[in-house]
Every structure is written in structure tokens, then in C-alpha cells.
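Trainee: I would like to learn how to read a model of this kind, beginning with the overall fold and ending with single side chains.

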Amino acid sequence: MFDNIKINNTNELEFAVFCIENIASRLERNAEEIYKMLTEESNILSDYIIPEYGILHTQSKDYIVDDIISLMQERGIKV
């Protein structure tokens, strides 16, 4: 499940959970479904959310959610 995800500290873990839960809320889906979209249907969690934590976590919740949903759509995930 976490084979290719390198979370370095609790801040990154909390941020990943924050992203998943807020995307799920926005899309009116459950968090497990969003997690699968970000890990199994794409590599967004390991290749974007975690590596870009330093920049992303300084943005507003709406910006973060909009940005990730936009990336999901670009990568062909039906949201």
C-alpha cells in the first residue's frame, strides 16, 4: 500500500491526511476512495503531495484542494 510513498515525518503524514479528507469532502466521496485515486489510479500522493509539502502546506485549504483536483483531472481521474 505504501510501497512507493516516503513520508518523512508526522507533519507530512498529517498533511497527506488533510488533503485526502478535504478532497473527499469537496467531492462528496469517502476518504478511502480518494486515497485509492491518489495512490492506485495515479501516483499523485507519492509524486506530488508529499514531495511538494514544503510549498503546498503554506497555501489555503481551497487552493490545495483545487490544485490537487485539477491535477487529478489532468491525469485522467474521473472526479
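What follows is a conversation that goes from the whole chain to a few chosen residues.

Mentor: Before we begin, note that this is a predicted model, in which local features need pLDDT of at least 70 and side-chain atom pairs count only at pLDDT 80 or more, while totals for chains, interfaces and linings use all residues. Residues are numbered from 1 along each chain as its sequence is written, and side-chain values use heavy atoms, with hydrogens and water left out.

Trainee: How many helices and strands are there in the protein chain?

Mentor: Helices (H or I, at least four residues) and strands (E, at least two) are DSSP runs, numbered from the N terminus. Here the protein chain has 5 helices and 0 strands, so that the order of elements from the N terminus reads α-α-α-α-α.

Trainee: What does the radius of gyration say about the protein chain?

Mentor: The radius is taken over C-alpha atoms, and the globule rule is 2.2 Å times the number of residues to the power 0.38. For 79 residues a compact globule would have a radius of gyration near 12 Å, and the 11 Å of the protein chain agrees with that. The C-alpha trace spans about 30 × 30 × 20 Å along its principal axes. Contact means heavy atoms within 4.5 Å, and among the contacts with a separation of 6 or more, 63% are between residues 24 or more positions apart.

Trainee: Which percentage of the residues counts as buried?

Mentor: Buried means under 20% relative accessible area, exposed over 50%, and partly exposed in between, with a 1.4 Å probe and protein chains only. By that rule 37% of the 79 residues count as buried. Val65, which lies in helix H5 (residues 61-74), is buried with a relative accessible area of 2%. Not counting residues up to four places away in sequence, Val65 touches Asn22, Ile23 and Arg26; Val65 and Ile20, 45 residues apart in sequence, have their C-alpha atoms 8.9 Å apart.

Trainee: How many salt bridges does a search of the whole structure find?

Mentor: A salt bridge is a side-chain nitrogen of Lys or Arg within 4 Å of a carboxyl oxygen of Asp or Glu, and the search finds 4. One of them joins Arg26 and Asp62, with the closest N and O atoms 3.3 Å apart; since Arg26 lies in helix H1 and Asp62 in helix H5, the pair ties together parts that are 36 residues apart in sequence. Another joins Asp66 and Arg26 at 2.5 Å, N to O, and this pair, again between helix H5 and helix H1, ties together parts 40 residues apart in sequence. Arg26 is partly exposed at 37% relative accessible area, and so are Asp62 at 46% and Asp66 at 41%. Arg29 and Glu33 also meet in a salt bridge, at 3.6 Å, N to O. Through shared partners, salt bridges join Arg26, Asp62 and Asp66 into one network.

Trainee: Which side chain of opposite charge is nearest to the buried Glu12?

Mentor: In assigning charge, Lys and Arg count as positive and Asp and Glu as negative, while His and the chain ends are not counted. Glu12, found in helix H1 (residues 10-27), has no salt bridge although it is buried, and the nearest side chain of opposite charge is Lys6, 7.4 Å away. The side chain of Glu12 does reach the backbone nitrogen of Asn8 at 2.7 Å. Leaving aside neighbours within four places in sequence, Glu12 is in contact with Lys6, Ile7, Ile50 and Tyr53.

Key
A polar contact is a pair of N or O atoms within 3.5 Å; within protein, one must be able to donate a hydrogen and the other to accept it, and residues adjacent in sequence count only if both atoms are side-chain atoms.
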